[in-house]
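Work through these exercises with the model open beside you. Try each task before you read its solution.

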Amino acid sequence: MQDTLSLYELNALVRRSLEQCLPDEYWVQAELSDVRTNSTGHCYLEFVQKDPRSNNLIAKARGTIWANIYRLLKPYFEESTGQLFTSGIKVLVKVTVAFHELYGYSLTVQDIDPTYTLGDMARRREILRQLEEEGVLTLNKELEMPLLPQRIAVISSATAAGYGDFCHQLQHNPRGFYFRTELFPALMQGNQVEESVLAALDAVNARVDEFDVVVIIRGGGATSDLSGFDTYLLAAACAQFPLPVITGIGHERDDTVLDSVAHTRVKTPTAAAELLIDRMEEAADRLGALAEELHTRVFYRLEQERRRLALLQARIPSQVMRKLSESRIKLQMAKSNLSHAAETLLARQHHRLELLQNRIADASPQKLLKRGYSITLKDGKAVKSAACLQSGDELITRLYEGEVKSRVE
């Protein structure tokens with residue numbers, strides 16, 4: 001019968017074989033993921049490697065940095081690079097290979113080369129430098145955040161827990177503000193992050209007038225998957241997007257190129273929702289303050305007008321008496337002036353009548369006859385020309401005193 005081994009015995013055999021085959025220290029290039037420190041000072045992390053073409057994970061290993069190494073390595077690395085020793089960065093570390101019967105395969109870190117990480121950071125800085133040279137690096141940051149960001153285009157995975165947390169936070173905000181969200185689905189990890197997020201941005205841009213802001217959120221996942229947000233095309237599209245872009249795609253210490261060009265970067269999807277709620281609360285509080293100020297000013301103005309009306313009301317009796325007195329005086333003066341004017345007019349007309357009477361008296365026939373003139377009448381009409389008389393006509397000549405009859409021969 002073939003000999004059998006227990007699992008422990010097999011794992012022990014693997015451990016001894018690895019110790020014999022890989023006894024040395026090795027410099028390994030990898031990306032940090034899930035960096036954690038426990039209460040004893042030991043650091044536990046995960047090393048990952050991705051296919052540069054597809055961005056898919058092709059290797060993974062657990063790592064350990066014992067406390068005596070970690071308390072020296074961490075400040076050395078951070079001082080040299082200016083970068084926190086955290087998930088998402090690429091490192092060059094010296095490791096020994098270990099295998100434990102219970103915990104399996106792992107790498108124990110002995111040293112780190114900061115210059116390698118500086119190279120990866122330089123790649124990110126190069127993308128930002130190119131955007132700055134093109135004059136688009138801060139375009140999205142310069143957009144004004146709407147006072148009431150209620151119409152929200154969300155770019156996320158439909159099944160992501162972070163998307164659900166974001167919507168729940170908005171819908172159950174303490175003051176009951178209304179938000180309208182619309183999801184534009186995209187892959188938030190893997191090798192299609194750039195392509196799918198760009199497609200979602202294009203879809204939002206086609207209906208840009210229907211939204212106030214764009215929120216790009218990622219519901220958890222490994223920090224190693226953040227590299228899909230460190231591409232030039234995605235950063236350039238976000239930087240030049242016509243609406244403010246809010247990103248919540250990483251964890252507290254993670255910072256991608258996309259975060260650097262977005263209008264506002266927050267830690268989590270929930271924090272993105274809180275940002276929008278806070279913005280609405282600021283507008284509501286400002287509106288309430290303006291309403292209170294308006295109420296105060298209206299009340300003050302009404303009080304002023306009430307006092308002014310009371311003063312005017314108190315002045316009415318004296319003003320009326322003064323006006324009546326002035327009107328009475330004016331009426332008496334008008335009466336006197338009217339009487340004087342009437343007398344003057346009557347005297348003037350009387351004098352005119354006397355003149356007309358004299359003129360009429362001077363022009364009367366009786367007065368002309370008295371002066372020695374006479375009037376010759378034929379058939380009762382005055383004779384003005386001898387040509388109109390014929391032989392045998394009877395005439396009457398009227399004198400001042402008496403008449404004389406005569407006949408024409």
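**Exercise 1. One helix, two sides**

Which residues of helix 4 (residues 161–171) are buried? Then work out how they sit around the axis, and what covers them.

Solution. Keep in mind that this is a predicted model.

Step 1. Apply the cut-off: buried means under 20% relative accessible area. In helix 4, Gly162, Tyr163, Phe166, Cys167 and Leu170 are buried.

Step 2. Recall the general rule. An α-helix has 3.6 residues a turn, so residues three or four places apart point the same way.

Step 3. Check the arc. The buried residues of helix 4 span only 135° around the axis, so they lie on the same side of the helix.

Step 4. Turn to the opposite face. Exposed means over 50% relative accessible area. The face turned away from the buried side of helix 4 carries the exposed residues Ala161 and Gln171.

Step 5. Find the cover. Strand 6, strand 7 (180–185), strand 8 and helix 8 (269–362) are included in what covers the buried residues of helix 4.

**Exercise 2. The nonpolar cores**

Find the largest nonpolar core and the elements that build it. Then look for a separate core.

Solution.

Step 1. Start from a general tendency. In soluble globular proteins, nonpolar side chains tend to be buried together.

Step 2. Take the largest nonpolar core, which has 32 residues. Ile155, Val197, Val214 and Ile216 have the most contacts inside it.

Step 3. List the elements that give two or more residues to this core. They are helix 3 (114–133), strand 6 (151–156), helix 5 (193–205), strand 8 (213–217), helix 6 (232–239) and helix 7 (257–261).

Step 4. Zoom in on Val197. Leaving out residues up to four places away in sequence, Val197 touches Ile155, Ala186, Leu187, Met188, Ile216, Phe229 and Leu234.

Step 5. Move to the second core. This separate core has 21 residues, among them Ile152, Ala160, Phe166 and Val215. Phe166 is also one of the buried residues of helix 4.

**Exercise 3. Two buried polar side chains**

What do the side chains of Asp230 and Thr81 have polar contacts with?

Solution.

Step 1. Place Asp230. This residue sits in the loop between strand 8 and helix 6. Its relative accessible area is 3%, so Asp230 is buried.

Step 2. Look for a partner. A polar atom of the Asp230 side chain lies 2.7 Å from the backbone nitrogen of Val257.

Step 3. Add the other neighbours. Not counting residues up to four places away in sequence, Asp230 touches Arg123, Arg124, Ile127, Thr256 and Val257.

Step 4. Place Thr81 in helix 2 (residues 67–81). Its relative accessibility is 9%, so Thr81 counts as buried too.

Step 5. Look for its partner. The backbone oxygen of Phe77 is 2.9 Å from a polar atom of the Thr81 side chain.

**Exercise 4. The barrel**

In what order do the five strands of the barrel close? Then find the helices that pack on them.

Solution.

Step 1. Trace the strands. They close in the order 1-2-3-5-4, with mixed pairing. From one strand to the next, the twist averages 55°.

Step 2. Examine one pair. Strand 1 (residues 25–37) and strand 4 (residues 90–100) pair antiparallel over seven bridges. Gln29 has Leu92 in strand 4 as its bridge partner.

Step 3. Add helix 1 (residues 7–21). This helix packs on the sheet and touches strand 1 and strand 4. Its direction makes about 130° with that of strand 4.

Step 4. Add helix 2. It lies across strand 1, strand 2 (43–50), strand 3 (57–65), strand 4 and strand 5 (104–112). Helix 2 runs at about 50° to strand 5.

**Exercise 5. The open sheet**

Which strands form the edges of the open sheet? Then describe its hairpins.

Solution.

Step 1. Read the order: four strands, 12-11-13-14, with antiparallel pairing. The edges are strand 12 (381–382) and strand 14 (403–407), each pairing on one side only.

Step 2. Cross the middle. Three bridges link strand 11 (residues 375–378) and strand 13 (residues 394–398). Ile375 pairs with Arg398 in strand 13.

Step 3. Take the hairpin of strand 13 and strand 14. Five bridges join the two strands. Four residues lie between them, and Gly402 takes a positive phi near 95°.

Step 4. Take the hairpin of strand 11 and strand 12. Two bridges join these strands. Leu377 stands opposite Ala382. Two residues lie between the strands, and Asp379 in the turn has a positive phi of about 55°.

Technical notes:
Residues numbered from 1 in each chain as written. Predicted model: local features only at pLDDT ≥ 70, side-chain atom pairs only at ≥ 80, totals over all residues. Heavy atoms only, no water. Core = buried A, V, L, I, M, F, W, Y, C linked by side-chain atoms within 4.5 Å. Buried < 20%, exposed > 50% of the residue type's maximum accessible area, 1.4 Å probe, protein only. Contact = heavy atoms within 4.5 Å. Polar contact = N/O pair within 3.5 Å; in protein donor to acceptor, adjacent residues only side chain to side chain. Arc of directions from axis to C-beta. Pairing = 2+ DSSP bridges. Axes fitted to C-alpha atoms, helices over the stretch in contact; angles between N-to-C directions.
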